[in-house]
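Here are a few exercises to work through with the model open beside you. Try each task before reading its solution.

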Amino acid sequence: MAMAYSPVFRAELECVMNGGVSAFPLDRIGETKSLPSWPKRLRYCPDCANEDTAIHGETYWHRLHQLPGMIYCTKHSMRLADSRVAVHETTTNFYAASDVIILEDSDDDNINAHDDLTYHKAKFLKIGKESEWLLNEGMSVDWNFDFQTKYKRLLREKDIVTIQGVADYDLITDRFNDYWGEDFLKTLYSAMDDTRDWIRQLYAARIVTFKPIYHILLMCFLKGSVKAFLESDPSENPFGKGPWPCENPICGHCGTDGCKNTEIRYLNGVATGFFQCDRCGMLYKQVKRKGKTGNRLIVNYGHVWTGEMSRCLIDKKMNVAETAGILKCTPHVVESHMKKLGLRVEKKYFRSPQPIGWKSETAEFHKERVLKIYEQYQEVTFSMLRKHAPGTYAYLSKHDPAWLREHLIHESRRADSREADRQLLKQIQAAVEWIQNEGNKERQLTFGYIARVAGEKEQELKYSKLKRPLTKTYLDAVVESREEWLRRRITAIRRNKDGCEPVSIADIKREMSLKPNTYRRYHDFIKRLIDELNK
Ligand SMILES: [Zn+2]
Ligand SMILES: [Zn+2]
């Protein structure tokens with residue numbers, strides 16, 4: 001009968017089914033290895049016994065009442081009474097319930113006791129109801145699934161294990177104890193004579209040796225009941241089940257469906273999922289780490305959106321604000337796409353994106369600023385806020401700290417700090433290239449000059465360079481010292497002279513318009529250099 005059950009649960013189910021003592025073939029309960037978890041004496045419910053006698057003329061042992069953890073009758077909510085029959089005796093002898101249970105005697109100490117067990121009556125009844133459900137429905141359940149995997153996925157849904165399923169047993173224990181109550185568990189385990197710290201064996205092969213009651217406790221903890229656990233279908237994908245909603249505001253699938261999960265990257269316990277809409281091509285990414293799901297960030301707006309943008313800007317000659325209105329996005333998004341496509345951005349708009357202060361004291365305004373930075377850099381840190389949206393950190397930390405925390409990445413924990421480094425490097429390289437091709441090539445290539453051309457504040461760049469190794473290496477290589485600059489310039493002056501005409505101090509003074517101070521300080525160096533070049 002149990003052939004179809006998973007090997008893991010078959011044994012458990014057998015145990016549930018036979019764990020109690022049936023009134024009939026007693027030869028089936030000879031499994032002494034599970035004896036320690038059985039109640040020491042056969043139990044009965046006085047009310048059930050009365051009912052049995054009234055209906056059948058005699059009473060019998062109820063299997064349900066003999067299960068581990070059964071303290072109350074689920075039908076009568078009545079405390080079960082211990083009979084005089086010891087469980088171990090039933091392996092060799094048959095005791096008819098009718099002979100043993102003498103109802104006149106049944107108001108024993110147990111029933112009227114006010115002890116730890118009574119204090120936890122509701123929870124014992126819950127366990128009882130779950131065991132009863134298993135006893136009645138267990139045979140028609142398809143047990144053929146991987147318990148460990150299902151537990152792991154549900155723990156992940158509850159944010160108790162990491163995205164990749166790594167367990168923190170202290171946390172699992174804490175949350176499990178929170179759910180059941182530590183005192184109840186203590187009472188339950190001691191009622192069952194159980195001292196096993198099984199919750200810490202959740203992922204080990206030990207799971208096959210779990211008692212049914214462990215599974216019942218776990219299933220309730222995870223989904224509220226055994227039935228709900230069995231009916232649940234936690235997804236393999238940490239981002240849940242598809243289809244995922246499209247994020248393109250002008251796509252018919254926006255906010256509902258349309259997206260497939262195209263890729264998931266895992267790094268340091270962080271999963272980054274990529275989702276693309278079949279219909280409009282829009283691609284977004286979302287980050288998930290234990291206990292936290294990031295915002296959806298659009299990586300690529302897709303052909304429908306960009307097509308519509310070109311139609312608005314080029315065919316209909318709309319301005320940025322009107323286009324943004326049609327595309328249901330911020331003007332900033334339109335602008336950055338225009339730049340990518342090489343379209344000219346209206347000067348007027350660019351200089352003052354929003355009249356400063358027009359709604360600067362609303363949370364909405366500040367949040368928009370944060371999201372704008374998000375859109376541009378895919379992350380927001382404190383220093384980015386300070387730089388791109390002064391005042392916003394102060395405002396939001398006062399008015400909506402929770403929102404701010406959710407959107408801010410702690411500098412030290414930046415997963416894509418390397419990416420930021422690469423971006424900064426690109427920006428700096430472009431600035432240096434511009435200087436070398438179109439800027440004032442004769443000027444010393446100083447840190448400050450590069451920073452200004454790159455649109456960065458010198459101090460800011462000096463600070464961020466410390467945390468950006470690629471950028472730092474590049475800057476260290478290209479920034480010129482005074483001596484390097486003089487050598488480059490004077491070498492060029494020498495090269496521009498006809499043939500072997502020597503270069504003179506006068507030439508240098510004329511060509512380079514050196515300040516007297518500079519000249520004085522580097523007099524010896526310049527002189528040595530001239531001699532070397534004139535050789
Ligand atoms: Zn009863
Ligand atoms: Zn779409």
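**Exercise 1. Work out how the donors of the zinc ion (ligand 1) are spaced along the chain, then describe the site.**

Step 1. Along the chain, the donors of this zinc ion follow the spacing C-x2-C-x24-C-x2-H. Keep in mind that you are looking at a predicted model.

Step 2. Put names to the pattern: the protein donors are Cys45 (SG), Cys48 (SG), Cys73 (SG) and His76 (ND1), at 2.0 to 2.3 Å from the zinc ion (ligand 1).

Step 3. Now check the geometry. The angles subtended by the 4 donor atoms run from 104 to 115°, and four donors count as tetrahedral if all angles lie between 85 and 135 degrees, so this arrangement is tetrahedral.

Step 4. Finally, place a pair of donors in the fold. Cys48 sits in helix 2 (residues 46–56), while Cys73 belongs to the loop between helix 2 and strand 2 (81–86); the two are 25 residues apart and link distant parts of the chain. Cys48 and Cys73 are both buried.

**Exercise 2. Find which residues coordinate the zinc ion (ligand 2), and explain what the pair Cys246 and Cys280 ties together.**

Step 1. The coordinating atoms are the SG atoms of Cys246, Cys251, Cys277 and Cys280, at 2.2 to 2.4 Å. Their spacing reads C-x4-C-x25-C-x2-C.

Step 2. The angles among the 4 donor atoms are 101 to 118°, and the site is tetrahedral.

Step 3. Locate the pair: Cys246 is in the loop between strand 3 (244–245) and strand 4 (258–267), and Cys280 is in the loop between strand 5 (270–277) and strand 6 (283–289), so together they tie parts that are 34 residues apart in sequence.

Step 4. As for exposure, Cys246 and Cys280 are both buried.

**Exercise 3. Identify the members of the largest nonpolar core that touch the most other members.**

Step 1. This core has 41 residues, and those touching the most other members are Tyr151, Leu155, Phe176, Trp180, Trp198, Leu202 and Leu217.

Step 2. Ask which elements supply it. Those giving two or more residues include helix 6 (121–137), helix 7 (147–157) and helix 8 (169–180). Helix 10 gives the most, with 9 residues.

Step 3. Zoom in on Leu202. Beyond its neighbours within four places in sequence, Leu202 is in contact with residues including Tyr151, Leu155, Ile172, Phe210 and Leu218.

Step 4. Look elsewhere too: another core, of 16 residues, lies apart from this one, with Val432, Ile435, Ala451 and Leu475 among its members.

Conventions: Residues are numbered from 1 along each chain as its sequence is written. Chains are lettered from A and ligands numbered from 1 in the order in which they are written. This is a predicted model: local features need pLDDT of at least 70, side-chain atom pairs count only at pLDDT 80 or more; totals for chains, interfaces and linings use all residues. Side-chain values use heavy atoms; hydrogens and water are left out. Donors are N, O and S atoms within 2.8 Å of the metal (3.2 Å for Na, K and Ca); water is not among the atoms, so sites may look incomplete. Four donors count as tetrahedral if all angles lie between 85 and 135 degrees; four count as square planar and six as octahedral if opposite donors are over 155 degrees apart and all others between 65 and 115; anything else is irregular. Helices (H or I, at least four residues) and strands (E, at least two) are DSSP runs, numbered from the N terminus. Buried means under 20% relative accessible area, exposed over 50%, partly exposed in between (1.4 Å probe, protein chains only). A nonpolar core is a set of buried Ala, Val, Leu, Ile, Met, Phe, Trp, Tyr and Cys residues joined through side-chain atoms within 4.5 Å. Contact means heavy atoms within 4.5 Å.
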